[in-house]
Amino acid sequence: MVDLNLTNLSGSGVGDELLDVLVIGSGPAGFAAALYAARAEMKPVVLTGMELGGQAALTYTIENYPGFPEGVGGSELGELFQKQAVHFGARVEFDTATGVDLSARPFKVKTENGEYRAKSIIVSTGASPNHLNISGEAELTGRGVSYCATCDGWFFKDKKVVVVGGGDSALEEALFLTRYASSVTVIHRRDELRAGAILQKRAFKNEKVDFIWDTIVTEVTGAEKVEKVKLENLKTGEESELATDGVFIFIGHTPNTQIFKDQLEMEDGYIKVDALMQTSVPGVYAAGEAADPHFRQVITSAGMGAAAAIQAARFLEEAEA
Ligand code: NAP
């Protein structure tokens, strides 16, 4: 992750500049949209948001993005996406959207550093990791509780960690943590994993990984840093404690769409789009995890971003014809 201290940066968002297209978010969807928009001579501006490169940039290795037979580092791929979009004329602003007015065109977007006006908008704000919302989780975040193995794994050299979740993220991150940790215990609330077959096979084969099934974490405890997790077996009701140095939580994501509430149609927090990436407001498109509860892959997000930009270009052409 590239964590930006936005207070030290100034975006050049100014009210009187009218953009053809503003891309909100800098993950694979955002940069793919920016690449296509730039090549369509739309001079896109990309607002990076708090996490340049989005969630993909936090992934250690991406093995299922075509064109990289050996896999590619998530942050490396993010940098390549950005470089390519910029090469063709996209402008990247280290700024975060804080509010939008989509009631009339041109659309207005308020940011930490200013305001933008744009004829079309591509929303690619992605999603953020879910929290367990249990006692000790918030208090010990950054002191043993983490949502990013790539960012924090190094701190757990020869230590014991637990991973909560049973999906692709949980297993991928559990396997990554075996590079550092002495043991990785995956705690899953059911007795069957949601993760895909390849990851399951790798995890079952890895001697450092073990599993606790049918179990939830009910509390994280520790004075200065994480010391234990309290567990409850959902089948037997049995409660227990497990000593651990780290708790990595990978239990799904919530789309970052709050600022579009009441302005764009949504379902379960995801922005509704049609097959052309069109939202409920003509001229506003959405791509990637903000609008995708189904696939959430780098390639599908990038594909949605490209489609959104192609449509935005068609929209402007028609609007200005
Ligand atoms: P996910 O597939 O939604 O899995 C979330 C996991 O967390 C599930 O096992 C779920 O349990 C568990 N969970 C949810 N809420 C919980 C709670 N409150 N307490 C305990 N456990 C809880 O999320 P993800 O793993 O982040 O994956 C998201 C998407 O990205 C998926 O489409 C996935 O395929 C994709 N992805 C792909 C790759 C890859 O292709 N290499 C890597 C990462 C992610 P249940 O199983 O019981 O529901």
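Around the ligand in this predicted model stand 19 residues, of which Asp168, Ser169, Glu172, Arg190 and Arg194 come nearest. By residue type, this shell divides into nine polar, six charged and four nonpolar members. Helix α4, spanning residues 168–177, provides the largest share of the shell, with three residues.

Polar contacts to oxygen atoms of the ligand include those listed below, each with its computed distance.

| Residue | Protein atom | Distance to a ligand oxygen atom |
|---|---|---|
| Asn64 | N or O atom in the side chain | 2.9 Å |
| Gly167 | polar backbone atom | 3.3 Å |
| Gln297 | polar side-chain atom | 3.3 Å |

The ligand taken alone exposes 910 Å², and the protein buries 77% of that area.

**Domain arrangement**

The protein chain is divided into domain 1, made up of residues 6–128 + 253–319, and domain 2, covering residues 131–249. Both domains take part in surrounding the ligand, as each of them gives at least three residues to the shell.

The centres of domain 1 and domain 2, taken over C-alpha atoms, are separated by 32 Å. Where the domains meet, five residues of domain 1 are in contact with eight residues of domain 2. Between them the two domains bury about 520 Å², with 52% of this area on carbon and sulfur atoms. On the domain 1 side, Leu58, Tyr60 and Glu63 supply 76% of the area buried against domain 2, more than any other three residues.

Notes:
Residues numbered from 1 in each chain as written. Predicted model: local features only at pLDDT ≥ 70, side-chain atom pairs only at ≥ 80, totals over all residues. Heavy atoms only, no water. Near = heavy atom within 4 Å. Polar contact = N/O pair within 3.5 Å; in protein donor to acceptor, adjacent residues only side chain to side chain. Areas by Shrake-Rupley, 256 points an atom, 1.4 Å probe, with all protein chains shown as cover. Helix = DSSP H or I, 4+ residues; strand = E, 2+ residues; numbered from the N terminus. Nonpolar A, V, L, I, M, F, W, Y, C, P; charged D, E, K, R; others polar. Domains from an automatic or database assignment. Contact = heavy atoms within 4.5 Å. Buried area = accessible area lost by both parts, 1.4 Å probe.
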